[in-house]
Structure formats: C-alpha cells, structure tokens
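Me: Could you take a close look at one part of this protein for me, the place where two of its domains meet? I'd like to hear what holds the two sides against each other, residue by residue where you can.

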Amino acid sequence: MAQYDVIVIGAGPGGYVAAIRCAQLGLKTACVEGRETLGGTCLNVGCIPSKALLHATHQLHEAEHNFATMGLKGKSPSVDWNQMKAYKQDVVDSNTKGIEFLFKKNKIDWLKGWGSIPEAGKVKVGDEVHEAKNIIVASGSVPSSLPGLTIDNEAGVIVDSTGALDLPKVPKKMIVVGAGVIGLEMGSVYARLGAEVTVVEFLDQITPGMDGEVQKTLQKLLKKQGMTFILGAAVQGAEATKTKAKLTYKLKKDDSEHTLDADVVLVATGRRAFTDGLGLKELGVEMTERGVVKTDAHWATSVKGVYAIGDAVAGPMLAHKAEDEGMAVAEVIAGKAGHVNYDVIPGVIYTHPEVASVGKTEEQLKEEGRAYKVGKFSFMGNARAKAVFAGDGFVKLIVDKDTDRVLGAHIIGPAAGDLIHEVCVTMEYGGSAEDLALTCHAHPTFSEAVREAALACGDGPIHM
Ligand code: NAI
C-alpha cells in the first residue's frame, strides 16, 4: 500500500494544478484519473477542443467574408469535417500529453482508474487502497439535461457538449437548447459551417447574468451571422428518430406550444457537480442544498483531511477558478496562506466577437444602490480593430462614482478574453480608471480601447 501526503481525485484543471503545486511544495503526491488521458473535461471534451473548432471555423468565416476585400482572391476553402475533427484531436492530444509530461517532471504518480474514499486517509482505486494524509476531491462536473430530453451522444441526434464536438457530419438544421456559454460557442461553430442554427432559451435574454448591453449586442451580432433566437421559451421535450428530432417548447408569454424539427439538438442547459461513486455520503461529507460539496474558506470539507475544489464545490464552473483553487488548496495543505479572490474572476465567451467580463455589472450595482460611473469606448474608434474587420463591440468600464476605483468591466470585441486581464490586474491592486488611463498603451493595439474607456471615465476619450 502506497503512502502519500496528498492524493488528488480528478486530473482536470483543478486537480492537475493542485497536484503539480503540491509536488512543487515538497509533498509526495498522487492523482487519480479514470479517463484514458489527463486534463479532465476542459482538455478532453471542453475548452480546448471547442477552441480548436472555433478557430478553424473562424478562419473559414474570414475566407468567405473578408479575403476578397483584402485582395486575396480565389474560391473559399471547402470543409473536410473529418480532417477538422482530426486537427481538433491533435490539439487535444498534445495538451493532454503535456500534462502527462508535467506529472512525470514533478514526480506525481498517476493512479489510473476511478477513485473512491472508503474512509478518511484512504483512497481506493480498483482493488488497491492507497493512504494519504490529505485528499483533494477535484471530480468536476457533467452536463445536466432537462426532463424529456434523453441525451444519446452515440446516436448523435440529441447530444450534450461532448457529443456536439464529435458529430458524424455537419447538420443541416441544429437546435441549441440554452443560450449560455456552451450553446453560443458550439452554435457559432455549426452556424459558420453552414448549419441553420436556432437557439431556444428559457429567459428573455441570452447569457444570463451578463451585462445587459453586452447581451443585446452579442445577440444582434450572432443574428447577423445567421443564428436565430427564440427567447422566453420553456423546452418541454424532444423526440428523436434515427436521424431527426422534434423539439417541443412553450412560449412563456402566452403558454402556446410549438414544435421545431432538426437533425441535431444540442442540450446546453448547464452542468452539475460530479461526485458519483466517490462514497462521500457514506463518509459523512456534507453537501450544500445545491448538490455541491460544502467547504469552508480553505476548501476543507466537513471530514478532516478531505478537501474539495473546482466544479465539485460552489462558485462559477470555470477552469481557471478551479486552477486558482487548486494552487490555493495545495498551499493551505503545505501550511502556507492559499487565497482566491472570488471578486476578480473573469468570464469569457469565445464567440466572434469574444465577450469577457469581470466584477460588477451595472445591473448589480443598481440593485446594491452603489453610485457608479461608466466609461465606454467603441472598437469603431480603434484603428487596429478597424484594420482587421473587428470594429463591432465596445469596452465598458464601471468605476466607483466617488473614488474612481474600478468595479467591473464588460468587453465585447476582438481579443476581449485577453484584454480583460489588464482590468483584472487593476482590480487586484484596487486601482482606478485614472491608473489605467495614465498607463501608456502601445499603438496600434486593441488594448487602446481599454485605455480609452478609462479616459471616458474622466475627461473623455480621444478617438470618439
Ligand atoms: P449556462 O448556465 O451557461 O447556460 C444554460 C442556459 O440554458 C441558460 O441560459 C438557461 O437559462 C438555459 N435553460 C435552462 N433551462 C432551459 C429550458 N428548459 N429551456 C430553454 N433554456 C433553458 O450553461 P452551459 O452553457 O451549459 O455551460 C455549463 C457550464 O460550463 C457553465 O458554468 C459555463 O460557465 C461553463 N463553460 C464555460 C466556458 C467558457 O468559459 N468559455 C465554455 C463552456 C462551458
């Protein structure tokens, strides 16, 4: 029986990062993973493969829409779907192998198989029981469906995000249930590949919780790209034949029932924590009312020596939030001061244009009754964006009315997912719009739009 300082259960972004940091801090570490490859949902069937498909299809969009304008003449490329999927798989493989390399480099044992915790201090994998002074549950999440929608990724007609990454062919008609992150990213992929994409969403707006102006702008731009939106619609269920599906929904405004036909229905209505088979209930680990593992501020569960992080605990189900918790919990176990600032966790949607946000929205501040100022700058005033057909969108900076301290930012536009980080750093330092505005930004870059939004909080932007 092997003895460890730490055994991490799950090798997704939360688990593998926790394992690496534990090892770096001198703790004898193992990580249990039942998949064939490391990296969890994110690397295998989530963030990474979807980014490969988004990249490939964005290139197609550029070829179809912008090449001729730039003097690049010739027929637009045709799509070899199997080759595109092979490219996506190569991207996945090189990333998952990268984690395997990092495990070897840091002398972390990969315990292959599905783990459970028969008692505190013990982790069972297959028939073997390993001892660990500390156990970190980083078991992630799985897609959650709706009643009346039976997911069958093998059949490929009613699918979840995993099935949507690997459809046998590009559908002619696709219905996306849920206008959240997954629905819009995967909907964009198939719309660019020529599918007729209809998004059916329960709420009256897309991307719940995001800044209202960003929601409206994104919906308008995606509509321009050919996506159709049916909002305020409660999906009742779907029937699948071998090759088609019929979806039924009710419009909330008048309770009228409607049906839609499609070749594929993608169900993207959220995810739930995955803790099945770990034996947490028998162990006495307390769960919250929302079905995630309950932890204290240092990721300790109700059972001594058992910690939990990532999608298995409360908070946004984001890879980078899990990574931060992974590093922090390792530091706590090693006797250091691990910390995560939950007020500064960016969120990104990798549509085109990208959407990124951090901190408070105007809607939240109004509800809190806090006085704020908004500085906004359109990418139409940004020379670099205009040069590359990326003038749609804006940067919106929200600051405290009296102190000028940055409270949040909401960006829709080119490279929004990268631009957001200068605002994150500013917020981490308790910085102001003036701090951002006084920082020299290279020209011509998209990031000048962030500075202009900061200038808009003061004496005004230059290029608007
Ligand atoms: P989500 O929570 O982002 O969106 C689900 C949507 O489904 C919501 O708009 C909701 O109102 C709608 N919905 C729920 N029930 C419905 C019904 N009966 N009829 C119609 N619409 C209904 O969930 P999503 O997109 O499945 O993503 C799951 C998780 O994965 C999220 O936490 C997300 O943050 C994360 N993720 C993050 C990515 C990123 O950071 N770029 C990429 C992909 C996933």
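Reply: Start with the salt bridge between Lys-396 and Asp-211, where the closest N and O atoms sit 2.8 Å apart. Keep in mind that this is a predicted model, so that distance is a computed one. The count of salt bridges between domain 2 and domain 3 comes to three. On top of that, six residue pairs are in polar contact between domain 2 and domain 3, both partners at pLDDT 80 or more.

Now for what domain 2 brings to the meeting. Two elements, α6 (181-192) and α7 (212-224), each give two or more residues to the side that touches domain 3. Of the contributors, α7 gives the most, with eight residues. Sorted by class, that side of domain 2 has seven nonpolar, six polar and five charged residues.

As for area, domain 2 and domain 3 bury about 1,400 Å² between them, and 63% of that is on carbon and sulfur atoms. Asp-211 turns up again here: along with Met-210 and Glu-213, it is among the domain 2 residues that lose the most area to domain 3, the three together making up 32% of what that side buries.

To place all this in the whole chain, domain 2 covers 158-269 and domain 3 covers 347-456, while domain 1 is made of two stretches, 3-142 and 272-333. The centres of domain 2 and domain 3, taken over C-alpha atoms, are 29 Å apart. Their contact takes in 18 residues from domain 2 and 17 from domain 3.

Note on methods:
Residues numbered from 1 in each chain as written. Predicted model: local features only at pLDDT ≥ 70, side-chain atom pairs only at ≥ 80, totals over all residues. Heavy atoms only, no water. Domains from an automatic or database assignment. Contact = heavy atoms within 4.5 Å. Buried area = accessible area lost by both parts, 1.4 Å probe. Salt bridge = Lys/Arg side-chain N within 4 Å of Asp/Glu carboxyl O. Polar contact = N/O pair within 3.5 Å; in protein donor to acceptor, adjacent residues only side chain to side chain. Helix = DSSP H or I, 4+ residues; strand = E, 2+ residues; numbered from the N terminus. Nonpolar A, V, L, I, M, F, W, Y, C, P; charged D, E, K, R; others polar.
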